[in-house]
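Please work through the exercises below with the sequence and the 3D structure open beside you. Try each task yourself before you read its solution.

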2 protein chains.
Amino acid sequence: MRAAVVLLSGGIDSATTAAVAIDRGFDVSALTFRYGQRHVVELEAAERVAAALKIERRVVQSIDLRVYGGSALTDDLDVPMERDAGDRAGEIPITYVPARNTIFLAHALALAEVVGAFDVFIGVNAVDYSGYPDCRPEFIAKFAELANLATAAAVREEGRFEVHAPLIAMSKADIIREGVRLGVDYGLTHSCYAPTDSGLACGRCDSCAIRREGFVTVGIADPTRYA
Amino acid sequence: MRAAVVLLSGGIDSATTAAVAIDRGFDVSALTFRYGQRHVVELEAAERVAAALKIERRVVQSIDLRVYGGSALTDDLDVPMERDAGDRAGEIPITYVPARNTIFLAHALALAEVVGAFDVFIGVNAVDYSGYPDCRPEFIAKFAELANLATAAAVREEGRFEVHAPLIAMSKADIIREGVRLGVDYGLTHSCYAPTDSGLACGRCDSCAIRREGFVTVGIADPTRYA
C-alpha cells in the first residue's frame, strides 16, 4: 500500500477527503493542527473521524498563527454571521487565515517525507475558493511543483509528490453525497467557526450556513446538534 | 520604507542576511523559530542579533518538528562531527530537517502578509545547498511563484512577492566579509549544532567546522568561544 498524508481538520471536507484517500487504496497518516483557532473543538472531531476511519498514524502539530494576527478565526475579531455580500462577490472573507494552506501543506510535506509518502490530500473545495486564494487549483498545482524540488525524498528516490484536492470542483452537496457513499459519519464532524462553550455548533456562522445548505440540498438529515 | 520579513536563526548567515536587507533600505521584521532544535541557545543569539540591528518587530514561532522525526537536529540521533564524505559528495546530511525551509518560508509568508511586506529574506547559501534540497536556487524561485498565488495580499493589491536569498552563491568567507563590511558583530551569533550545557560551541560539529574555516579564510579573528 502506498502511503499518503491527509490534512484532517475534523470538518466535512477533510473527513470526506480522508475517506476518498482510503477508498483509493492509500495507507493514510492524518495531520491535524492546533493553530490557535477559536473553534478548538474541531480537534476532538478530527480525533473521532480518524478513529472511525481506522487511521492509525495521527499527528497533531501545534503552531500559533495568532502571533501573526490578521484573521477572525484566530484573533478577537467577530466571526461573520450568515454569508455576506463580500463573500458572495468573491472578496476575501475575514475568516481567511494568512497563508494557512501554504503552512499546512508545508507541514504535510515534512510528515510525508518522514513516512515515505509522495501523496498529500487536502480538502479544499469550490465553496472555499470563491474567496480564499490558497484554495484555488493553480495554488494546489504550484505547491506540488514546489514539493518536487523541496525534499530529500524527491531528490533521493526520484519519487514524485502529488497534491490531491479531490473535492476542489465539488459543491458541498456533492461532497456530502460522496461521503455518504463512502460511509462517512458526519455526526462525528464539526464545522462551526463560533461554537458554544459546550462545543455545540452556533447554526448561524458562515460555515454552519454552508453546512446546513449542503444537507438540505442532498435531502438527508443534518446530524449536527445546533445550539 | 518597504517592509520585509527576514528569517533570523541567530547564525552567521541569517545575521548577515538581515544586515543586507537593512542595507537595502527595508523595514525589517524578524521571524525566528523554536522548532524543537537541540541547539535552542540559537534563539538567544537571534534575540541579540535583532537587538544589535535595531529590528523592532521580532516574532518567535513555536512549532515542534520532532512530531515528524527524521533529523539529527531534532531527534536523539548523533550530530555528525567533522564534515563527512557523504556531505562532501553532495549527499543529504543527517542534519537535514524534513521540509524545514518550506515550513519556514510558509510562516514568513503569513507574517509578510500581515505586516504588508512583499519581500522575504532567507539566508540559504552555497555551503548548505551542496546537500540540502531546499537551499537550492530553483527551490527559492519556485517558492516565490507559490507565494504570488497563495496570499490575499497578492490577489488584492497586485503586489509581487519576492524571495531574496542574497547569500545563495557566496562562500562562508564571502558572507563573513560582507557582514563585516555591514558592521555585523559575529560575536553575537551562534552556529554550533551541539553546544555544551552552558551554551558554548563544541568546535567540532559540521557547523562549527564551516564557521571556523570561514574566519580562517577571511583572515580575521573568530569571536566564537569554543568549549
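## Exercise 1: The contact between the chains

Task: Work out how many residues each chain gives to the contact, and which elements of chain B take part.

Solution. The contact is made by 38 residues from chain B and 38 residues from chain A, where two residues are in contact if their C-beta atoms, placed from the backbone, lie within 7 Å. On the side of chain B that touches chain A, at least two residues each come from strand 3 (57–62), helix 4 (100–115), helix 6 (137–150) and helix 7 (152–157) of chain B; helices (H or I, at least four residues) and strands (E, at least two) are DSSP runs, numbered from the N terminus. Helix 4 of chain B gives the most to this side, with nine residues. Sorted by class, this side of chain B has 24 nonpolar, seven polar and seven charged residues, where Ala, Val, Leu, Ile, Met, Phe, Trp, Tyr, Cys and Pro count as nonpolar, Asp, Glu, Lys and Arg as charged, and the others, Gly among them, as polar.

Before going on, note that this is a predicted model, in which local features need pLDDT of at least 70 and side-chain atom pairs count only at pLDDT 80 or more, while totals for chains, interfaces and linings use all residues. Residues are numbered from 1 along each chain as its sequence is written, and chains are lettered from A and ligands numbered from 1 in the order in which they are written.

## Exercise 2: The symmetry of the pair

Task: Find what turn and what shift along the axis lay chain B on chain A.

Solution. A turn of 180° with a shift of 0.0 Å along the axis lays chain B on chain A with an RMSD of 0.0 Å, when the copies are superposed by least squares on the C-alpha atoms of residues with pLDDT of at least 70 in both. The two copies are therefore related as by a two-fold rotation axis. In chain B, the C-alpha nearest the axis belongs to Ile63(B), at 2.6 Å from it. Since 100% of the interface residues of chain B are also interface residues in chain A, the copies meet through the same surface.

## Exercise 3: Two helices across the interface

Task: Decide whether helix 4 of chain A and helix 4 of chain B are roughly parallel or roughly antiparallel.

Solution. The axes of helix 4 (residues 100–115) of chain A and helix 4 of chain B come within 8 Å and cross at roughly 170°; axes are lines fitted to C-alpha atoms, for helices over the stretch in contact, and angles run from 0 to 180 degrees between N-to-C directions. The two helices are therefore roughly antiparallel to each other, because angles under 35 degrees count as roughly parallel, over 145 as roughly antiparallel, 65 to 115 as roughly perpendicular and the rest as oblique. Among the residues that make this contact are Ile103(A) and Leu109(A) of helix 4 of chain A, and Ile103(B) and Leu109(B) of helix 4 of chain B. By class, the contact has eight nonpolar, four polar and no charged residues.

## Exercise 4: The sheet of chain B

Task: Give the strand order of the sheet in chain B, and name its edge strands.

Solution. The five strands of this open sheet have the order 3-2-1-4-5, with parallel pairing, where two strands pair if DSSP finds at least two bridges between them. Strand 3 and strand 5 (162–164) of chain B are the edge strands, each pairing on one side only. Three bridges join strand 4 (residues 119–121) of chain B to strand 5 of chain B, and the bridge partner of Phe121(B) in strand 5 is His164(B).
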